[in-house]
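Here's a short tour to read with the model open beside you. Keep the sequence handy too, and follow along as the elements come up.

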Amino acid sequence: MKIDILGVQAFVAIADRGGFQSAADALCVTQTAITQRLRKLEDYLGVTLFERTTRSVSLTQIGRDFLPQARRLLDELSDALTEIRESGQAARGDVSIACVPTAGVQFLPNILQTYAQQFPHNRVRVLDHSSSAVTDAVLRREAEFGIHIAGSRHADLVGLPVAQDQFVLICHASHPLARRRRVPWRSLSPYPLIFAGQVSANRALLDGALGDVDLQPHFEVQRSSTAVGMVAQGVAAAVVPRLALQKGAYPDIRVVNLVEPVIARTLVLVTRRGARLSPAAQALYDLIASRATLDG
């Protein structure tokens with residue numbers, strides 16, 4: 001159904017002003033334009049809204065019944081447009097973003113806290129997904145933008161590197177390696193290990209970077225948070241991104257740098273190519289970009 005807003009506007013103006021010319025002056029259009037708009041509305045409705053004579057214009061009964069509804073329609077439309085305009089100017093609204101889970105442990109919390117202080121009326125929905133699922137969520141418009149792990153570039157996405165996240169060994173305080181500051185990857189072979197599962201973007205990155213360093217994990221997990229929990233219980237040591245461990249959350253876990261080689265992943269802020277973010281999402285995107293520790 002197509003709503004004839006101009007016709008309704010003309011109808012209310014004529015009723016309020018008592019004539020076609022004064023209504024035309026109020027709407028800054030010609031009398032001919034007002035007449036045409038009213039005629040189009042009456043033709044669409046199939047009724048006569050005004051009784052016209054050479055000397056006067058008066059509402060028909062149907063016109064009198066319709067007038068309060070027409071006024072309400074225009075008022076509601078005006079309020080809705082004002083709200084949208086003010087929301088855009090104030091960057092108000094809801095935002096949906098997607099990110100790899102570890103980005104939500106250390107990288108995002110302070111940023112989201114700052115955003116909440118600046119825009120207390122905005123709601124943020126965080127979809128924590130695997131890196132590939134983050135890409136899919138952005139492409140499918142389930143999220144306005146996302147943070148995934150750098151890998152093969154998608155033609156429909158634009159990326160901004162925001163942080164580098166080094167892989168480290170985490171182990172229980174009772175583990176033989178707990179007192180070491182750094183350990184070569186090859187030195188891990190005698191110990192039971194927890195690794196990212198085969199479908200994880202972390203695993204693909206590690207397998208490619210380690211080359212001929214042959215490590216056989218005893219446990220495989222899909223989320224780093226699972227590995228952290230297992231380490232806290234003393235199950236085994238784990239290789240995880242540094243951002244996976246929340247500071248101070250696990251006093252019995254020790255972090256050991258892994259060297260020879262040093263391996264890190266890059267977190268990338270991604271949006272759809274050519275996409276125009278909502279004002280609320282743009283404000284959050286800009287805040288994240290301003291905290292980037294890497295150059296694009």
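How far apart should the end C-alpha atoms of helix α9 be, and what span does the model give? Bear in mind that this is a predicted model.

## Helix α9 and its surroundings

Helix α9 covers residues 279-290, so with twelve residues at 1.5 Å a residue it should span 16 Å. The end C-alpha atoms of α9 are indeed 16 Å apart, in agreement with that expectation. Quite a few of its side chains point inward: the buried residues of α9 are A280, A281, A283, L284, Y285, L287 and I288. As for what lies over them, the cover includes the strands β3 (95-99), β4 (124-128), β5 (145-149), β6 (157-172) and β12 (264-272), along with helix α5 (108-118).

Pick L287 for a closer look. This leucine belongs to α9 and has a relative accessible area of 10%, so it counts as buried because the limit is under 20%. Setting aside residues up to four places away in sequence, L287 touches I111, T114 and Y115. With I111, the C-alpha atoms are separated by 7.1 Å, even though the two residues are 176 residues apart along the chain.

## I97 in strand β3

Now hop over to I97, which is in strand β3. Is I97 buried or exposed? At 1% relative accessibility, I97 is buried. Leaving out neighbours within four places in sequence, its contacts are L108, R125, V126, L127, A143, F145 and L284. One of those, L284, is also among the buried residues of α9. Another is V126, which sits 29 residues from I97 in sequence but 5.2 Å away in space, C-alpha to C-alpha.

## T135 in helix α6

T135 is part of helix α6 (residues 131-139). With a relative accessibility of 13%, T135 counts as buried. Beyond its neighbours within four places in sequence, T135 is in contact with H148 and L157.

## Domains

How is the chain divided? Domain 1 runs over 5-89, domain 2 takes in 90-162 + 267-291, and domain 3 covers 164-265. Going by C-alpha atoms, the centres of domain 1 and domain 2 are separated by 45 Å.

## A nonpolar patch and R39

On the surface, L77, L81 and I84 make a nonpolar patch of about 290 Å². L81 is in helix α4 (residues 61-90). With a relative accessible area of 53%, L81 is exposed, because the cut-off for that class is over 50%.

R39, in helix α3 (residues 31-45), is partly exposed, with a relative accessible area of 45%. Its C-alpha atom is 9.9 Å from that of A10, and the two residues are 29 residues apart along the chain.

## Salt bridges

How many salt bridges are there? The count comes to eight. One of them pairs R71 with D16, where the closest N and O atoms are 2.3 Å apart. This pair links distant parts of the chain: R71 is in helix α4 and D16 in helix α1 (residues 5-17), 55 residues apart. Both partners are partly exposed, with R71 at a relative accessible area of 34% and D16 at 45%.

A further bridge joins the side chains of E142 and R140, at 2.9 Å from N to O. E142 is partly exposed, with 33% relative accessible area.

Then there's R203 with E220, whose closest N and O atoms are 3.1 Å apart. Here, too, distant parts of the chain are linked, with R203 in helix α7 (residues 201-210) and E220 in strand β9 (residues 219-221), 17 residues apart. Which partner is buried and which is partly exposed? R203 counts as buried at 7% relative accessibility, whereas E220 is partly exposed at 41%. The pair doesn't stand alone: salt bridges that share partners join R203, D207 and E220 into one network.

Note on methods: Residues are numbered from 1 along each chain as its sequence is written. This is a predicted model: local features need pLDDT of at least 70, side-chain atom pairs count only at pLDDT 80 or more; totals for chains, interfaces and linings use all residues. Side-chain values use heavy atoms; hydrogens and water are left out. Domain bounds come from an automatic or database domain assignment. Helices (H or I, at least four residues) and strands (E, at least two) are DSSP runs, numbered from the N terminus. The expected span of a helix is 1.5 Å times one less than its number of residues. Buried means under 20% relative accessible area, exposed over 50%, partly exposed in between (1.4 Å probe, protein chains only). Contact means heavy atoms within 4.5 Å. Patches are made of residues with over 30% relative accessible area and no salt bridge: like charges are joined within 9 Å, nonpolar side chains (Val, Leu, Ile, Met, Phe, Trp, Tyr) within 5 Å. Accessible areas come from the Shrake-Rupley method with a 1.4 Å probe; for residues, only the protein chains shown count as cover. A salt bridge is a side-chain nitrogen of Lys or Arg within 4 Å of a carboxyl oxygen of Asp or Glu.
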